[in-house]
Amino acid sequence: MSVLTRDEAQTRAQLLDVQHYTVDLDLTTGDETFESTSLIRFTARTAGDTFVELKPETLHSAHLDDEPLDVTALDGNRLPLRLSEGEHVLRISTTMRYSRTGEGMHRFADPSDGESYVYTQLFMEDVQRVFAAFDQPDLKAVFELAVTAPEGWTVLANGITEQHPDGTWRSAATPPLSTYFVCVAAGPWHSVRTEHAGLPFGIHCRRSLAAHLDADADEILAVTKACYDRFHEKFDEPYPFDSYDQAFVPEFNAGAMENPGLVTFRDEFVFRSAVTVTERQTRAMVIAHEMAHMWFGDLVTLRWWDDIWLNESFAEYMGYQTVNEACSDLFPDTWVDFGVTRKAWGYEADQRPSTHPVAPDPEAVPDTASALLNFDGISYAKGASALRQLVAWLGEKDFLAGINIHFKRHKFGNATLADFIDNLAAATDRDVHAWADQWLRTTGVDTLTPALTGEGLRWNLAVDRDGSRPHRVAVGLYDRDPSGELVLRERRELDVPQTEPAALTGPRPALVVLNDQDLTYAKLRFDETSAESALRGISRIPDALTRAVIWNALRDMVRDGDLRPADYLEVALAHLTEETELALVQGVLGFARTQIADRYVTDEERPAALSTIRQIARALLRRTEDGEAPGLRLTAVRALIDSATTPDQIASWLDEGTVHGGPELDPELRWRILARLAVLGATDEPTIAAELERDPSATGQEGAARCRAALPTAEAKAAAWSALFDTDDLSNYLFTATAQGFWQPEQAELVREYVPRFYPAAIALGARRGAAMAEAAGRYAFPAYAIDQESLTLGEHHLTDEMIPALHRKLVDQLDDVTRALKTRT
C-alpha cells in the first residue's frame, strides 16, 4: 500500500475541486465483510492524471462518467484516473472487510449478550477501508450516507439520520468535511436523548452497558451542555453542525475522535466499576476536548498533517480550561491533573531522541506515515502548555480575539500555521511571529533555576535559564510560620530572560518556586535552601497547583539522576499521606509504582521500594476509614493490590468480596487482585475461568487474558506468546491485555528467552497487521523490564528501516527509556 506524500496531496489539490460524496453501505452481508459504493462528484481544473484511494477486499466495478474503468489497474490502494478538464462523476463499488484492530470499520461482538456493533475510525488513511475517496484533509466535500443495517439496529452518522420505509438509514447532508471525519456507528445502541440550544443531543452505548450509562447520563449531559454554552461565550462562530451525538464504542484505539456531530469515545468512559473524581474529571476533559475540535479541527481544518498540533494542542488546552471554567462545581482543580499527568507526558516525550517541534517543518512530515508519529505528548501536552504560556503572555482577551478572526477567515476551509499566527497577530501589538519561532519551531525543555543574592532584608532574585525560550512566569515566595506551615508571602510575575534581577524586600524566603501556578513549560530546579524546604514541607504548601509544580520538579530530578529514587519515595512517604488533592496522590503513586519500583531501582532495591509504596497506601487506608474520601481510599486499595509481594491479604479480600472496612469488590478490583495473584503464582487457570464465568463481559475477557498471560509457568508464557505473534486472531484490546500480562518484573528469568524473540516477531506483526497493532506491540509487548546493557544493545541492533514507522518510533522511545533507567540505577 502506498502512503500519500505531501507533494502528491498538493498536486492533487491544485487539480481537483471535490464537491459531493454519496456513500452507500450495506452491513447485512455477514460478519466478515460489507458492501460499499461511493459516488463522487468533482471538477478537474485542467486535464491531468491522478488517483482515488481504496483498500477493498474486492473491487467490483468503477465508472468515470458512466465509462467503465479497468479494475485490474488498482495498484495497492490507488486506482488511476485520467481526467479531462471539467465536471466528473466517479462511481466505485466494492466489498470491504471489517476490522478487529480499531481501524476502518471495526466490528465487535459483545460477549455479554451476543449483540454486534460496528463503527468507523477513519483517521489519517482509514477511510479507504470503508469507501473510495480522494483521501487528504484539504479536499473537503459534502457527504450524504445511506446505510442498510440489520433489523433492530440504529444507525448514527455525522448528520441527523432517519430510517426510510425501505429500511435504509439516511443521514442529512453535512457541511464540507475532510474525508477522515466521516463517521458511522451502527448497532442495537442504548440511547439517552435530549435537546439543548435547539439541537438534538444524544449519548449512546452498547446495550450491556445501559445501566451504567443511565447512572452517569445526568453528569455526562450536564458537562456536555455546560461546555457547549461556554464555547459559545468564547467563540463568535456558532456550533456548525445539525446535532451532537456522543457514542461510547468498544475496542476504540484512542481516547476519543472528534467526528463532527458524532464524537466516538472508548467505552471504558462508561464506568462499570467505582472510579475516582479525577477519573470522572478526565472524562469531562475529553468531552470538552472533542467539542473544542468542532471549531478547531472540524470547522477549520489543517491543510496538511504537519499542522496536527493546530488541532490537538488547541483542543487539549481548551479541554482543560473550559472544564475548569464551566464545571468548577464538579471538578475544581482541573489544571492540577494536567500538571501532574499530561504535562509529565510532554516533558518525557520532549527529552527523547524522537522529539520534534510542536509545529515541525513541512519537510519533516513528507507523508502520512511520518505524520502518524506526531500524535504524542508533544502535539498534545507540550503544545497545550505552549498555548497556556501564550495566553499568559498575550492575555486571554487578545488570544480569543485572534482565534475568532481565524474561525471567521477559514470556516469550512483549511488553514496553516502561518494563517493561525497571522490571525493572532492581527489582534495584538505583541510579536506573535517571534514567539511562534521560539516556542513552536524548537525542541527540548528549558530548565529554570532561582539564584538569590543579598543579606538581611534585601535580596535579588535572578532566574538562570538553561535553554532558549522566553518565559512569562509567576514566582512564589514562601515563608515558614511558627507552626511550620509554608505561607505565601508574595507571588509576582517575571519575564525570563530578565533585564535585571528582581529586588525582594524582607527576610530570605524559605522557598522560592519558579513557575508557581504552572503557567509555562519548563523543568525546574531549586536553590539549596528552597530544595530543603520543598523536600521537608511540600505537604505544608497551601496551593495544590504549586504542590503539583514541585512534585513534577522532583519527578524530573529522579529521571535526570539529580535525586535518588529512594529519596523520592521517602518524600512521598513523608508527605503523600497528608495530601488532599487526589490527582497528586494518583500521579505520585503511579510514578512510584510503574517507573521507580519497576524500572529505576535495581532488583535488590525493588522489595524496599514496594514496601514503601505499601506503607503509603496503608496510611491512606487508615486516614479514610471514616468513608469521607472514597476516591482516596480506592486509590490506596489499588496501590496495595499492585504492590503486594505476598498473596495472603489480597487473596482474603477476593475470597470475602470486600476490603476490610470497604469498599466491596467490583469487577475492576476483582480482576486487579486476580492479575496480581497470577503474577505471584497464587492462582490458576480454573480460578481464572471461574472469574470469567462470573464476569463474561468484554472487560472480563480482557481481564482473563491478562491473568492467563501473567501466570508464572513456561506453558502459560508459550501460549500467550503464540496468541500475540503466531496468529492474528486477537482483537486490538485482547492483544493489549495479553501483552500487559506477559512481561512482569518478578518473572524476568522465566521470560528471558523471549527478549531476543520480541524484535523479529514485532516487525513481522507490524508488516502483517498495520500501524495500530504495531504501535500496540511496541507499547505493551516490549520487554520493558529487561533493564540491562545486553537488552539495550539487542534492541539498537534491530532498529532498521525495515520495520514500519509506527513501530520504529515506539521502539526508539522504549530503548531511550531503558537507557535512562540504566543511568538512574547507577
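Strand E16, residues 199–205, is largely enclosed by the rest of the structure in this predicted model, because 6 of its 7 residues are buried. Two pairings of E16 can be followed from here. Strand E15, residues 190–196, runs antiparallel to E16, and 7 bridges join the two. Within this pairing His196 stands opposite Leu199 of E16. The hairpin of E15 and E16 has 2 residues between the strands, and in it Ala197 takes a positive phi near 55 degrees.

The other pairing is with strand E17, residues 244–249, which runs parallel to E16 and is joined to E16 by 4 bridges. Ile203 has Gln246 in E17 as its bridge partner. Between the two strands the chain passes through helix H2, residues 210–234, and the resulting β-α-β crossover from E16 to E17 is left-handed.

Helix H2 also holds Asp229. Is Asp229 buried, partly exposed or exposed? With a relative accessible area of 34%, Asp229 is partly exposed, since buried would require under 20% and exposed over 50%. Asp229 can be related back to the hairpin of E15 and E16: its C-alpha atom and that of Ala197 are separated by 8.6 Å, while the two residues are 32 residues apart along the chain.

The N-terminal part of the chain offers another set of paired strands. Strand E1, residues 16–26, pairs with strand E2, residues 33–44, in the antiparallel sense over 10 bridges. His20 stands opposite Arg41 in E2. The hairpin of E1 and E2 has 6 residues between the strands, and Gly30 in this hairpin takes a positive phi near 130 degrees. E1 is also joined to strand E10, residues 142–148, by 7 bridges, and these two strands run parallel. In that pairing Thr22 stands opposite Glu144 of E10.

Helix H1, residues 6–15, contains Arg12. Arg12 has a relative accessible area of 2% and is therefore buried. What is Arg12 in contact with, leaving aside its neighbours within four places in sequence? The contacts are Leu4, Thr50, Phe51, Val52, Glu53, Phe134, Asp135, Gln136 and Leu139.

Further along the chain, 4 strands form an open sheet with mixed pairing, in the order E26-E23-E22-E28. Strand E26, residues 502–505, and E28 stand at the edges with a single partner strand each, so one side of each is left without a neighbour in the sheet. Strands E22, residues 447–455, and E23, residues 458–466, run antiparallel and are joined by 9 bridges. Pro450 stands opposite Val463 in E23.

The edge strand E28 leads to the internal spaces of the model. The count of cavities of 30 Å³ or more comes to 4, and the largest cavity holds about 60 Å³ of space. Which elements each supply at least two residues of its lining? They are strand E28, residues 523–524, and helix H12, residues 544–559. H12 gives the largest share of the lining, 4 residues. The lining residues are Tyr347, Asn515, Asp518, Ala522, Lys523, Leu524, Val549, Asn552, Ala553 and Asp556. By class, 5 of the lining residues are nonpolar, 2 polar and 3 charged.

A pocket can be described in a similar way. The second largest pocket holds about 360 Å³ of space. Of the 24 residues that line this pocket, Arg752, Tyr785, Ala786, Ile787 and Asp788 lie nearest its centre. Helix H14 (582–600), H23 and helix H25 (789–798) are the elements that give two or more residues to the lining. The lining of the second largest pocket has 13 nonpolar, 3 polar and 8 charged residues.

Helix H23, residues 755–769, appears again in the packing of helix H24. In H24, residues 771–780, the buried residues are Met773, Ala774, Ala776, Ala777 and Gly778. An α-helix has 3.6 residues a turn, so residues three or four places apart point the same way. The buried residues of H24 pack against helix H22 (732–742) and helix H26 (805–825) as well as H23.

How values were computed:
Residues numbered from 1 in each chain as written. Predicted model: local features only at pLDDT ≥ 70, side-chain atom pairs only at ≥ 80, totals over all residues. Heavy atoms only, no water. Buried < 20%, exposed > 50% of the residue type's maximum accessible area, 1.4 Å probe, protein only. Pairing = 2+ DSSP bridges. Right-handed = clockwise from strand over helix to strand, strands pointing away. Contact = heavy atoms within 4.5 Å. 1 Å grid on protein atoms, 1.4 Å probe; cavity = no way out; pocket = protein on both sides within 12 Å on 5 of 7 lines; lining within 4 Å. Points joined across faces, edges and corners; volume = space filled by probe spheres on them. Nonpolar A, V, L, I, M, F, W, Y, C, P; charged D, E, K, R; others polar.
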